[in-house]
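The following exercises concern the structure shown below. Each task is followed by a solution that proceeds step by step.

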There are 2 protein chains.
Amino acid sequence: MATIDDVAKAVGVSKGTVSSVFSKKRPISQEVTERVLAVAKELGYYPNHVARSLATRKTMIAGLKMPISRDMSLSGFEIQMINGVMKQLAKHGYRVLLDTLPEHDDPTSFSMDPVDGVILLNPRKADPRIDRYGQMGIPIVLVGRPDPDDRSLSYVDNDNEALACEVGRYLLGLGHRSVLFLNTIRDMTVASDRAAGLRRAFAERGLALDDDRIAYYSHEAYGNAAAYGYSALREMWGRLSFTAVITDTDRVALGVYRAARELGIAIPDELSVIALNNDATLAQEMEPQLTAVELYAETLGIEAASLLMDMMAEYEPQQK
Amino acid sequence: MATIDDVAKAVGVSKGTVSSVFSKKRPISQEVTERVLAVAKELGYYPNHVARSLATRKTMIAGLKMPISRDMSLSGFEIQMINGVMKQLAKHGYRVLLDTLPEHDDPTSFSMDPVDGVILLNPRKADPRIDRYGQMGIPIVLVGRPDPDDRSLSYVDNDNEALACEVGRYLLGLGHRSVLFLNTIRDMTVASDRAAGLRRAFAERGLALDDDRIAYYSHEAYGNAAAYGYSALREMWGRLSFTAVITDTDRVALGVYRAARELGIAIPDELSVIALNNDATLAQEMEPQLTAVELYAETLGIEAASLLMDMMAEYEPQQK
DNA sequence: ACAATTCATTAAAGCGGTTTAACGATCAAT
DNA sequence: ATTGATCGTTAAACCGCTTTAATGAATTGT
């Protein structure tokens with residue numbers, strides 16, 4: 001690979017001049033610019049990103065850290081979020097370094113990332129990475145509420161509690177008095193937030209929501225989201241009485257629909273179904289059409305990215 | 001941020017020694033190692049990835065370049081592919097630099113990427129990036145057949161022609177003689193490969209497949225995949241006679257199912273439906289269950305990544 | 001015509017690591 | 001005691017770029 005020195009030598013100018021031609025940070029005469037560009041092209045020279053980053057102390061890369069789910073695959077929600085993040089960062093010339101590597105806590109194998117900022121999706125409880133990036137002076141934005149809640153941290157999240165409460169009110173308003181809630185994985189903060197929100201809606205009417213009316217997803221027990229909905233409905237339909245079921249996602253609802261068809265349950269006459277997240281954007285295509293809450297994961301990603309961009313801009317004068 | 005010099009000075013050893021403690025590339029006595037680690041921890045020192053990359057000429061990052069689709073969102077196929085790529089690269093400590101930035105051809109604004117290798121998804125015809133990376137001496141692997149076909153390029157792809165032919169034979173074997181093919185976007189190489197494969201199956205039986213039996217998706221005309229299936233079936237059902245429809249993906253099939261319900265067409269008695277790609281993994285959940293080809297996009301990603309890893313390993317002795 | 005600006009260019013000092021060649025100390029073999 | 005390895009450590013060169021301070025040429029004002 002040709003370096004900036006090769007070009008400078010060939011053209012007969014200093015490397016500082018060549019540098020300026022490419023970075024456009026200082027005016028260079030038209031004539032010199034053309035000569036430099038011509039030689040650069042001939043030599044196949046492209047500025048070395050790493051060297052430039054070292055000198056400027058900016059990589060124009062943002063890290064996006066995702067938890068590795070059991071099956072190592074991304075949900076629709078995550079995808080949309082990533083999309084939002086990338087879309088927003090791209091506007092300012094930023095790229096995304098995706099990673100799902102588990103963080104080993106061996107300090108010798110941990111290397112500072114080549115990033116100007118980090119977006120951390122679904123942080124673990126008391127996530128050690130948060131402090132680490134703080135220590136390194138790298139701006140960080142969380143997607144999902146941090147636990148324990150730290151006021152000095154920036155994060156974006158949906159108000160899942162309020163959302164679930166809203167859905168609860170809606171169903172109660174329709175006359176439903178007993179529901180089945182097919183919640184997401186138990187140990188996620190969303191899961192408890194939603195349960196709390198739904199309980200609040202019931203409490204407002206002086207009603208209680210028993211624990212056995214809330215089920216939790218588990219990859220081991222059900223295999224996949226649709227299977228979860230299918231099995232849960234078949235299992236519960238005889239045991240409990242309810243006129244509405246709230247599902248985690250549209251995929252879960254798809255399973256519920258199938259079970260309902262097999263059990264001869266008429267939707268929506270006999271049973272109402274509502275999904276808290278239109279994850280796979282299936283709601284419109286289902287028959288009868290599914291009522292689903294739109295979470296706008298992409299918007300979440302966009303907001304997270306904007307927030308990060310602001311923070312990185314402020315941090316700018318980190319000129320040692 | 002503390003640098004390696006700070007640590008070296010504080011411990012009273014040379015930076016080379018500190019470097020060796022962290023990179024583990026040279027033996028350092030137990031005693032010194034401990035002292036260095038202790039001071040590093042105290043100072044909050046973490047090796048600078050960029051500086052290290054500059055010195056070693058390796059970033060441990062692979063670029064993944066994706067085309068930006070009109071709606072800026074990733075299909076299930078792409079997601080699975082990305083998953084495969086990340087999974088495989090992670091095994092060797094590699095990370096993924098995702099990017100969908102359009103490549104401007106302004107040489108001054110093009111900077112060499114901080115990557116050791118590149119995976120290019122769905123290259124454009126005569127993609128200029130291919131040459132560019134070649135020039136820069138960066139290994140590159142394509143996902144999707146390059147056009148024009150260049151024997152010196154590495155790529156992985158499904159044999160879409162054979163696949164479509166197989167599906168055609170299957171339907172013909174079942175007694176179908178006239179089909180409707182809801183193909184993907186016209187100007188993709190997959191689209192023509194599939195059409196050719198299906199035609200071959202028909203030709204084997206001395207049958208022809210008219211052009212009007214192959215429809216092509218377009219974002220503008222249909223909005224989304226399911227709407228494509230829905231509209232296409234409604235539009236064609238009266239005009240043409242066919243006993244089977246081959247769809248691009250399961251989502252398209254979902255739309256076909258809905259239209260069929262509305263038109264009172266019985267699936268599969270009156271109409272068989274088969275999808276060439278179980279994109280959203282909906283096939284199992286549909287009623288009646290959909291027949292769909294599994295493309296194993298993740299496997300494709302894994303293969304692409306393995307190939308790239310091999311190439312990067314060979315390239316190793318690029319010691320200038 | 002002379003001082004005061006402006007402007008493009010340069011030499012050299014970083015940026016924060018790795019790596020090579022040299023070195024003194026320790027140890028085993030002669 | 002002498003030679004030859006082996007081992008941990010170091011000083012200095014290097015990776016490829018940016019940036020600062022200095023310089024000389026060209027332009028402007030008076």
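**Exercise 1: Helix crossings**

α7(A) and α8(A) cross in a right-handed manner, where a crossing is left-handed if the near helix is turned anticlockwise from the far one by less than a right angle, and right-handed if clockwise. The model is a predicted one, in which local features need pLDDT of at least 70, side-chain atom pairs count only at pLDDT 80 or more, and totals for chains, interfaces and linings use all residues. Residues are numbered from 1 along each chain as its sequence is written, chains are lettered from A and ligands numbered from 1 in the order in which they are written, and side-chain values use heavy atoms, with hydrogens and water left out.

Task: Describe the packing of α7(A) against α8(A).

Solution.

Step 1. Helix α7 of chain A covers residues 160-173 and helix α8 of chain A covers residues 189-204. Helices (H or I, at least four residues) and strands (E, at least two) are DSSP runs, numbered from the N terminus.

Step 2. The angle between α7(A) and α8(A) is about 40°, and their axes are 7 Å apart. Axes are lines fitted to C-alpha atoms, for helices over the stretch in contact, and angles run from 0 to 180 degrees between N-to-C directions.

Step 3. α7(A) and α8(A) are therefore classed as oblique to each other. Angles under 35 degrees count as roughly parallel, over 145 as roughly antiparallel, 65 to 115 as roughly perpendicular and the rest as oblique.

Step 4. Among the residues in contact (heavy atoms within 4.5 Å) are A:C165, A:G168 and A:L172 of α7(A), and A:A196, A:G197 and A:F202 of α8(A). By class, the contact of α7(A) with α8(A) has nine nonpolar, three polar and six charged residues. Ala, Val, Leu, Ile, Met, Phe, Trp, Tyr, Cys and Pro count as nonpolar, Asp, Glu, Lys and Arg as charged, and the others, Gly among them, as polar.

**Exercise 2: Two further helix pairs**

Task: At what angle do α10(A) and α11(A) pack, and at what angle do α2(A) and α3(A) pack?

Solution.

Step 1. Helices α10 (residues 225-239) and α11 (residues 250-263) of chain A pack at about 40°, with axes 6 Å apart. They are therefore oblique to each other, and the crossing of α10(A) with α11(A) is right-handed.

Step 2. The contact includes A:Y228, A:L233 and A:W237 of α10(A), together with A:V252, A:V256 and A:L263 of α11(A). Its residues divide into 11 nonpolar, two polar and four charged.

Step 3. α2(A) and α3(A) (residues 30-43) pack at an angle of about 90°, with axes 10 Å apart. That makes the two helices, α2(A) and α3(A), roughly perpendicular.

Step 4. A:T17, A:V18, A:V21 and A:F22 of α2(A) meet A:V32, A:T33, A:V36, A:L37 and A:A40 of α3(A). This contact has seven nonpolar, two polar and no charged residues.

**Exercise 3: The DNA strands**

Task: Which residues come nearest to DNA strand D, and which to DNA strand C?

Solution.

Step 1. DNA strand D has 29 residues around it, of which A:I4, A:K15, A:S19, B:T17 and B:V32 come nearest; a residue is near a strand if one of its heavy atoms lies within 4 Å of it. Sugar and phosphate make up 71% of the atoms of DNA strand D that come within 4 Å of the protein.

Step 2. Phosphate oxygens of DNA strand D lie 2.9 Å from a side-chain N or O atom of A:R52 and 3.0 Å from a polar backbone atom of B:S14. A polar contact is a pair of N or O atoms within 3.5 Å; within protein, one must be able to donate a hydrogen and the other to accept it, and residues adjacent in sequence count only if both atoms are side-chain atoms.

Step 3. α4(A) supplies the largest share of the surface near DNA strand D, five residues.

Step 4. Of the 29 residues around DNA strand C, A:T17, A:P27, A:V32, B:I4 and B:S19 come nearest. Sugar and phosphate account for 67% of the atoms of DNA strand C within 4 Å of the protein.

Step 5. A backbone N or O atom of B:A51 is 3.5 Å from a base nitrogen of DNA strand C. α4(B) gives the most to the surface near this strand, with five residues.
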